[in-house]
Amino acid sequence: MDHSKSSTSLREAALRALDNAYAPYSNFRVGAALRTSDGRLVTGCNMENSAYGLAICAETLAVASAVSQGLTGFEEIAIATEDSEPTPPCGACRQVLNEFAPRIRISSYTRDGKEASWTLDELLPHAFVLNQSRGRM
Ligand code: THU
């Protein structure tokens, strides 16, 4: 696969974040890396808890970390897992991404080099947006 330099570094950042995943309960480890509109990289990994429902996904943690740094414009997110096939983001993470970047490009990578890409619009058509719903009432 011929990666552009920038998508290669985003993929590598997601793979590095994967090394920090804290997933002792599911053993499903995930890393994520966001590229912001001003070219910065912000990473996240999944973080589980012995109270299972408190698990935070890698993508949501990356978005939260970026927002905490005042960064809210996102161009692209890379996801990395140890699964045999590239994993798309879960439904909740799609909604989180939609809040800030409805046009974001999403790429997912496995450790052994498989890749899949989508736009958020493909994965979350008809996203919930509070003001739009109000407008229809
Ligand atoms: N997980 C993510 O980090 N991102 C997703 O998009 C799907 C699921 C995590 C949550 C949990 O720690 C583990 O994967 C298994 O669901």
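These questions and answers cover the ligand and the pockets of a predicted model.

User: Which residues surround the ligand?
Analyst: A residue belongs to this shell if one of its heavy atoms lies within 4 Å of the ligand. The residues that surround the ligand are Ser26, Phe28, Val30, Asn46, Glu48, Cys57, Ala58, Glu59, Pro89 and Cys90.

User: How many residues of each class are in the shell around the ligand?
Analyst: Cys and Pro count as nonpolar and Glu as charged. Cys57, Pro89 and Glu48 are among the residues around the ligand. By class, the shell has 6 nonpolar, 2 polar and 2 charged residues.

User: What is the distance from a nitrogen atom of the ligand to an N or O atom in the side chain of Glu59?
Analyst: Glu59 is one of the residues around the ligand. A polar contact is a pair of N or O atoms within 3.5 Å. Between the ligand nitrogen and the N or O atom of the Glu59 side chain, the distance is 2.8 Å.

User: Which residue has a polar backbone atom 2.9 Å from an oxygen atom of the ligand?
Analyst: Backbone atoms also meet the ligand. At Cys90, a backbone N or O atom lies 2.8 Å from a ligand oxygen. The 2.9 Å distance, also to an oxygen atom of the ligand, belongs to a polar backbone atom of Ala58.

User: What percentage of the ligand's accessible area does the protein cover?
Analyst: On its own, the ligand has 370 Å² of accessible area. The share covered by the protein is 79%.

User: How much space lies in the second largest pocket?
Analyst: The ligand takes up the space of this pocket. Its lining has 10 nonpolar, 4 polar and 2 charged residues. The space in the second largest pocket is about 200 Å³.

User: Which elements give two or more residues to the lining of the second largest pocket?
Analyst: This pocket is lined by 16 residues. Closest to its centre are Phe28, Val30, Asn46, Cys57 and Glu59. The elements that give two or more residues are helix 2 (58-68) and strand 3 (74-81).

User: Which residues are closest to the centre of the largest pocket?
Analyst: The largest pocket holds about 230 Å³ of space. Of its 14 lining residues, the closest to the centre are Asn98, Ala127, Phe128, Val129 and Gln132.

User: Which helices each supply at least two residues of the lining of the largest pocket?
Analyst: By class, this lining has 7 nonpolar, 5 polar and 2 charged residues. At least two residues each come from helix 3 (91-100), helix 4 (120-123) and helix 5 (130-136).

Methods: Residues are numbered from 1 along each chain as its sequence is written. This is a predicted model: local features need pLDDT of at least 70, side-chain atom pairs count only at pLDDT 80 or more; totals for chains, interfaces and linings use all residues. Side-chain values use heavy atoms; hydrogens and water are left out. A polar contact is a pair of N or O atoms within 3.5 Å; within protein, one must be able to donate a hydrogen and the other to accept it, and residues adjacent in sequence count only if both atoms are side-chain atoms. Accessible areas come from the Shrake-Rupley method with a 1.4 Å probe; for residues, only the protein chains shown count as cover. On a 1 Å grid over the protein atoms alone, a cavity is a set of points where a 1.4 Å probe fits but cannot get out, and a pocket is an open set with protein on both sides within 12 Å along at least five of seven lines; lining residues have an atom within 4 Å of a point. A molecule sits in a cavity or pocket if more than half of its atoms lie within 2 Å of its grid points. Grid points are joined across faces, edges and corners, and a volume is the space filled by probe spheres set on the points. Helices (H or I, at least four residues) and strands (E, at least two) are DSSP runs, numbered from the N terminus.
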